[in-house]
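I open this notebook to record what I looked up on burial and aromatic contacts.

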Amino acid sequence: MSLLRRYVKEATNSSFLLQSISGRSISTVNTNPIAPPPPPPPRRRTTTEFDNLIYEAGNSGDFEAVRRLLNTRVVNACFNTTATFKFLTNTASYASSLEDLRRVLPQTDVGYTRRHAYETLIARLCKLGRIDDALVLINDMAVGRFGLSSCTFHPILNALTKKSKIEEAWRVVEVMRSHAVPMDVTAYNYFLTSHCYDGDVAEASEVLRKMEGEGMEGDTRTYDALVLGACKSGKVEAAMAILRRMEEEGLPVLYATHAHVIGEMVECGYYAQGMEFVMAYAGKDKRLDEESMGSLASKLVKRKRFKEAKLVLKEMSLRGLRMGTALREFYEKQCD
C-alpha cells in the first residue's frame, strides 16, 4: 500500500512539474468536442397528403386550416388536384361548406395560389353538377379581380357541352365576354366535339367558321373532333382525309383519333380495310400499336369475325405487344 501511495504522489508531482514548465494548465477534459450531426430536414408533404389534410379540415369545419393548407401546399410545389375539395359533396352540409369556402378563398395568398384555388373549386362544382354555383364563384372572382381567364370557364363549358346543353353554354360565353375574357381554341373545341359526337355537321361547321373568324387555328383536339364527326356521319373517307391532313401539318394524332376510324370501319363492315389501316401505322409507336390492334381485335371478336381477329392477335404476338386478359385467352384458345 505504501508503495502505491508513493507512486501516486510521484505521478502528481510530475504532472505539477509539467504544468509549471508549459505555463498553462493541462486538462483532461475535451474542450473542443465533435459537434453532433444536424437533424435531418423535415420531410416534405406530398400532394396526396395535402389533399387528405384539406379533406379532414373541410369535413371537420375548420376552414381556417383549409386556407392555411391551400397556401402552404403551393409554397411546397404541391398544386391543387381534382381531389382537393373532395369533402364538398351533394349532402346537407354542401351549402354551408360552400359559403365558408367563399369566405376564406379571398384570404388565400394573392396571385396564383388564390386564382388556382378558385379554379379548382369551380371544377369541383361542375363535377357535382352545380353550374349555377360555379357561376357565382366566377362573379366573386370578377368582383375581387382575382384573374379570370378562359381556363376558368373551361370546366363549365365542358360540363354543359357534354350534356348537349349548347344554348346554356353559349350564354356562359356571353358571361365570358362581359368580363372581357376571350374564347380560346379549347373553349371552341368543347362545342365542336359536342356537335361532332351528335353527327351535326352543320353546327360543327358553324363553330369552325367562328374560330376562323377570330383568326384561330385548330389543334390536335380540333381535328380529333372532326374525325369523330366524319365517323359519326358514316364518312370514313373524309375521316381518313382529315387524319392525313393532321400528319401533313405535323400535328400529333391522339390514340382516340385512330380509335374513331377503327370503330367506324368495323361498324361499316370494312374488316380488311381496318386491318390495313392499323398495319399502315404499325412499328412507329408501340403504345399506339397495342391500343389500335387491341381495339380492332376486340371489335372483331364481338362481331364473331374470329378469323380476322386471330390474324390481328397473331401480329400482336409476333411484335411482342401487350394484350388484355380476354384477348390473350381467346388467342391461346384459337391456337390450341
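The entries below concern one helix and then the aromatic rings.

Entry 1, basis. I worked on a predicted model, in which local features need pLDDT of at least 70, side-chain atom pairs count only at pLDDT 80 or more, and totals for chains, interfaces and linings use all residues. Residues are numbered from 1 along each chain as its sequence is written, and side-chain values use heavy atoms, with hydrogens and water left out.

Entry 2, helix α4. I looked up the buried residues (under 20% relative accessible area, 1.4 Å probe, protein chains only) of α4, a DSSP run of H or I with at least four residues, numbered from the N terminus. In α4 (residues 94–104) they are Tyr 94, Ser 97, Leu 98, Leu 101 and Val 104. These residues lie on the same side of α4 because they cover an arc of only 130 degrees around the axis, taken from the directions from the helix axis to the C-beta atoms.

Entry 3, aromatic pairs. I found 7 aromatic pairs, where ring centres of Phe, Tyr or Trp (its six-membered ring) lie within 6.5 Å; planes under 30 degrees apart count as stacked, over 60 as edge-to-face and the rest as tilted. Trp 170 and Phe 191 are stacked, because their centres are 4.0 Å apart and their planes at 25 degrees. Phe 191 is buried, with a relative accessible area of 0%. Phe 277 and Tyr 281 pair edge-to-face, with 5.3 Å between centres and 65 degrees between planes; both are buried.

Entry 4, charge over a ring (NZ of Lys or CZ of Arg within 6 Å of the ring centre and within 35 degrees of the ring normal). I noted Arg 130 over the face of Tyr 94, at 3.9 Å from the ring centre.

Technical notes: Buried means under 20% relative accessible area, exposed over 50%, partly exposed in between (1.4 Å probe, protein chains only).
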